[in-house]
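I opened the notebook to go through one structure, element by element. The entries below record what I looked up, in the order in which I looked.

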Amino acid sequence: QAVAVDAAAADGADDAAAVHTLRGPPGAAAPPALLQIVACEDGQWLAAREAGGRVAIYSLDALAFAAHVPPTAAPPTAIAFAPHSSLLLVACADGALMKYDVEGATAEPCALPPADLRPPQLASRAEVVTQLAFNPARPAEVVLCGQSFLFRVPLDGVVAAEAPAAAEAA
């Protein structure tokens, strides 16, 4: 599935940079509305969370569509690239977290701790993850952020037992 790329210079300035417009697949009525975009640190990939519940991957080298992340059971609510890698993390409305290897085009669920070790807002699904963040001091963990909680999750699938109060404060 290809994406057309238009390039046009901005009006008026001699030193203006080119502006590139990524469009949807050929024959699409309109490009999808983008809710969030993130780029990997090496500048090779861009992920876009679309209003229709999909996550698209674009090659920044070619300025072209590369793939869609496999569909999830619930709509994605946040995306982030892990530091120094092409690993994309996708948080979903049902509380699930998925790892997607952009270069290998493989997806797998991320192990989450049991519900009794999660913040109550996340365990009860009263809130969804709205942001994913990485702490440079703990690169093997992702921080799930909601409206009223922050929660660390190890990316290797090993979950340290913490008291729920400690998890909420993390």
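The entries start with the whole chain and then move to sheets, hairpins and two buried polar residues.

**Entry 1: the chain as a whole**

I noted at the outset that this is a predicted model. I looked up the secondary structure and found two helices and 13 strands in the protein chain. The chain has 170 residues, and 36% of them are buried. I then checked the exposed surface, which is about 9100 Å², with carbon and sulfur atoms supplying 56% of it. For contacts with a separation of 6 or more, I found that 34% join residues 24 or more positions apart.

**Entry 2: the four-stranded sheet**

I traced an open sheet of four strands in the order 7-8-9-10, paired antiparallel. Which strands stand at the edges? They are strand 7 and strand 10 (106-109); each has a single partner strand, so one side of each has no neighbour in the sheet. The twist from one strand to the next averages 20°.

Inside this sheet I looked at strand 8 and strand 9 (residues 97-101), which pair in the antiparallel sense over five bridges. Leu-89 has Lys-99 in strand 9 as its bridge partner.

**Entry 3: Ser-86**

I went next to the loop between strand 7 (76-81) and strand 8 (87-92), where Ser-86 lies. Is Ser-86 buried or exposed? Its relative accessible area is 11%, and the cut-off for buried is under 20%, so Ser-86 counts as buried.

I checked what the side chain of Ser-86 meets and found a polar contact with the side chain of Asp-101 at 3.4 Å. Setting aside neighbours within four places in sequence, I listed the contacts of Ser-86 as Trp-45, Phe-81, Tyr-100, Asp-101, Val-102 and Glu-103. Asp-101 is thus both in that contact list and the partner in the polar contact.

**Entry 4: the three-stranded sheet**

I traced an open sheet of three strands in the order 11-12-13, again with antiparallel pairing. Its edges are strand 11 (131-135) and strand 13 (150-154); each pairs with a single strand, so one side of each is left without a neighbour in the sheet. With direction ignored, neighbouring strands of this sheet are turned by 35° against each other on average.

I counted the bridges recorded between strand 11 and strand 12 (residues 138-145): there are four, and the two strands run antiparallel. Ala-133 stands opposite Val-143 in strand 12.

**Entry 5: Glu-127**

I looked up the loop between helix 1 (120-123) and strand 11, which is the place of Glu-127. Glu-127 has 14% relative accessibility and therefore counts as buried.

Which groups does the side chain of Glu-127 reach? One is the backbone nitrogen of Gln-147, at 2.9 Å. Another is the side chain of Ser-148, with which the Glu-127 side chain makes a polar contact at 2.4 Å. Apart from neighbours within four places in sequence, Glu-127 is in contact with Gln-121, Leu-122, Gly-146, Gln-147, Ser-148 and Phe-149. Both polar partners, Gln-147 and Ser-148, appear in that list.

**Entry 6: two hairpins**

I compared notes on two hairpins. Strand 3 (residues 34-39) and strand 4 (residues 45-50) pair antiparallel over five bridges. Val-38 has Ala-47 in strand 4 as its bridge partner. This hairpin has five residues between the strands, and Gly-43 takes a positive phi near 75°.

Strand 5 (residues 55-59) and strand 6 (residues 64-68) pair antiparallel over four bridges. They form a hairpin with four residues between them, and Leu-63 in the turn has a positive phi of about 50°.

**Entry 7: the aromatic pair**

How many aromatic pairs does the structure hold? I found one. The rings belong to Tyr-58 and Phe-65; their centres are 5.8 Å apart and their planes stand at 80°, so the pair is edge-to-face. I checked this against the hairpin of Entry 6: Phe-65 in strand 6 is the bridge partner of Tyr-58. Tyr-58 is buried, with a relative accessible area of 7%, and Phe-65 is buried as well, at 13%.

Technical notes:
Residues are numbered from 1 along each chain as its sequence is written. This is a predicted model: local features need pLDDT of at least 70, side-chain atom pairs count only at pLDDT 80 or more; totals for chains, interfaces and linings use all residues. Side-chain values use heavy atoms; hydrogens and water are left out. Buried means under 20% relative accessible area, exposed over 50%, partly exposed in between (1.4 Å probe, protein chains only). Contact means heavy atoms within 4.5 Å. Accessible areas come from the Shrake-Rupley method with a 1.4 Å probe; for residues, only the protein chains shown count as cover. A polar contact is a pair of N or O atoms within 3.5 Å; within protein, one must be able to donate a hydrogen and the other to accept it, and residues adjacent in sequence count only if both atoms are side-chain atoms. Rings of Phe, Tyr and Trp (its six-membered ring) pair if their centres lie within 6.5 Å; planes under 30 degrees apart count as stacked, over 60 as edge-to-face and the rest as tilted. Two strands pair if DSSP finds at least two bridges between them. Axes are lines fitted to C-alpha atoms, for helices over the stretch in contact, and angles run from 0 to 180 degrees between N-to-C directions.
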